[in-house]
Amino acid sequence: MLNKITIPVILLLAAVFSPLPSQESELRQVEREVEALRQAYPDVQIYFSYDRTLEDYEIVLRRDGDRSVLYRAGGRYLTSELLPRKENFWQLLYRFSETLRDPADFTQEQLDRVMQFGSTENRRSGRVGATALFDALYDTETREDVENHIVRWDFLGQALRVHYRITAPLERVEQKIRDLAASDPVVQDFIDELGSASGYSWRSVRDTSGKSFHSMGLAIDILPRDLDGKAIYWNWEKNKGNDLWMLIPLADRWMPPESVIRIFESEGFTWGGMWPIWDNMHFEYRPELLVWRDFF
């Protein structure tokens, strides 16, 4: 798993498929974004006001006596220290896909953009995902901070390490999967065929300064014992010399059963197989994206 690269989905989908709405007033947009965050994190108090000095919206988060201040920064949600470099970051919220995109249906323009985004040169010079919100929510700014919150966890019989705040939703995901497996042999086969799982790993996204969600303990990867000749991750295919990795048909990619994917989503996890730069082993805890999707 050390050779795996986690690409910030914010970067890809915002760039390729779905920019944020531009028709609404900024105030209305801020209200919608903050409401999405409140619904996604009901145990966090979130307020906003306009800072005339910085000419930006100040976002205040309170949880368990801790207080953090961010600035909207055009939807990036950054600390004041990062504001001068805000153009280096992508927007936090985007419209996460509800369905798999068949590469056979991509336009040539979309294919060109996906290919360009996947290039090493572009990743080195491009923007990175903004993670200041998650550092505020989970206390994950430094490696020492993160590791104070990492716990060992068993998921579907596989041992992994994750941030303690996602153990409760992971436990609910596992229970729902096991309940469904009792009547669905496809789901039982999925459980039986799992070979490994991994979570926390302190690292940047390769070729960028962007922080991986694995670095915050907010993502897990699950792999079967045998891929049976199928592809599971775009960059592994690219590294094999397949320059047309983005065109690999859905039928030739390993993926969990759709019912399992929906169970993960029901507890706030997004699946990397929905990204045009696909990572079919990857789930990350992003409830705000699923709430935001429902706003449209």
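Modeller: In this predicted model, the second largest cavity has a volume of about 60 Å³. The structure holds 3 cavities of 30 Å³ or more.

Colleague: Which residues line the second largest cavity?

Modeller: The lining consists of Leu100, Arg101, Pro103, Phe106, Met246, Leu250, Arg253, Gly273, Met274, Trp275, Pro276 and Trp278. By class, 9 of these residues are nonpolar, 1 is polar and 2 are charged.

Colleague: How should one read the pockets, and what volume does the largest pocket have?

Modeller: A pocket, unlike a cavity, is an open set of points. The largest pocket here holds about 510 Å³ of space. Its lining comprises 24 residues, and Leu82, Thr131, Asp135, Glu141 and Lys211 are those nearest the centre.

Colleague: Which strands and helix each supply at least two residues of that lining?

Modeller: They are strand E3 (66-71), strand E5 (128-129) and helix H5 (132-138). The classes present in the lining of the largest pocket are 8 nonpolar, 9 polar and 7 charged residues.

Colleague: What is the volume of the second largest pocket, and which residues are closest to its centre?

Modeller: The second largest pocket contains about 250 Å³ of space. Sixteen is the size of its lining, and Asp66, Ala136, Leu137, Tyr138 and Asp139 lie closest to the centre. Strand E2 (56-63), E3 and H5 each contribute at least two lining residues. H5 gives the largest share, 4 residues. The lining of this pocket divides into 6 nonpolar, 3 polar and 7 charged residues.

Colleague: Turning to helices, why may buried residues fall on one side of a helix?

Modeller: An α-helix has 3.6 residues a turn, so residues three or four places apart point the same way. In this structure, helix H7 (residues 167-181) has 15 residues and spans 21 Å from its first C-alpha to its last, close to the 21 Å expected at 1.5 Å a residue. The buried residues of H7 are Thr167, Pro169, Leu170, Val173, Glu174, Ile177 and Ala181. These residues cover an arc of only 160 degrees around the axis, which puts them on the same side of H7.

Colleague: How many residues of helix H11 are buried?

Modeller: A residue counts as buried when its relative accessible area is under 20%. In helix H11 (residues 287-294), 7 of the 8 residues are buried, so the helix is largely enclosed by the rest of the structure. The buried residues are Pro287, Glu288, Leu289, Leu290, Val291, Trp292 and Arg293.

Colleague: Against which elements do the buried residues of H11 pack?

Modeller: They pack against helix H2 (26-40), H5, helix H10 (258-266), strand E10 (269-271) and strand E11 (282-285).

Terms used:
Residues are numbered from 1 along each chain as its sequence is written. This is a predicted model: local features need pLDDT of at least 70, side-chain atom pairs count only at pLDDT 80 or more; totals for chains, interfaces and linings use all residues. Side-chain values use heavy atoms; hydrogens and water are left out. The expected span of a helix is 1.5 Å times one less than its number of residues. Buried means under 20% relative accessible area, exposed over 50%, partly exposed in between (1.4 Å probe, protein chains only). The arc is that of the directions from the helix axis to the C-beta atoms. On a 1 Å grid over the protein atoms alone, a cavity is a set of points where a 1.4 Å probe fits but cannot get out, and a pocket is an open set with protein on both sides within 12 Å along at least five of seven lines; lining residues have an atom within 4 Å of a point. Grid points are joined across faces, edges and corners, and a volume is the space filled by probe spheres set on the points. Ala, Val, Leu, Ile, Met, Phe, Trp, Tyr, Cys and Pro count as nonpolar, Asp, Glu, Lys and Arg as charged, and the others, Gly among them, as polar. Contact means heavy atoms within 4.5 Å.
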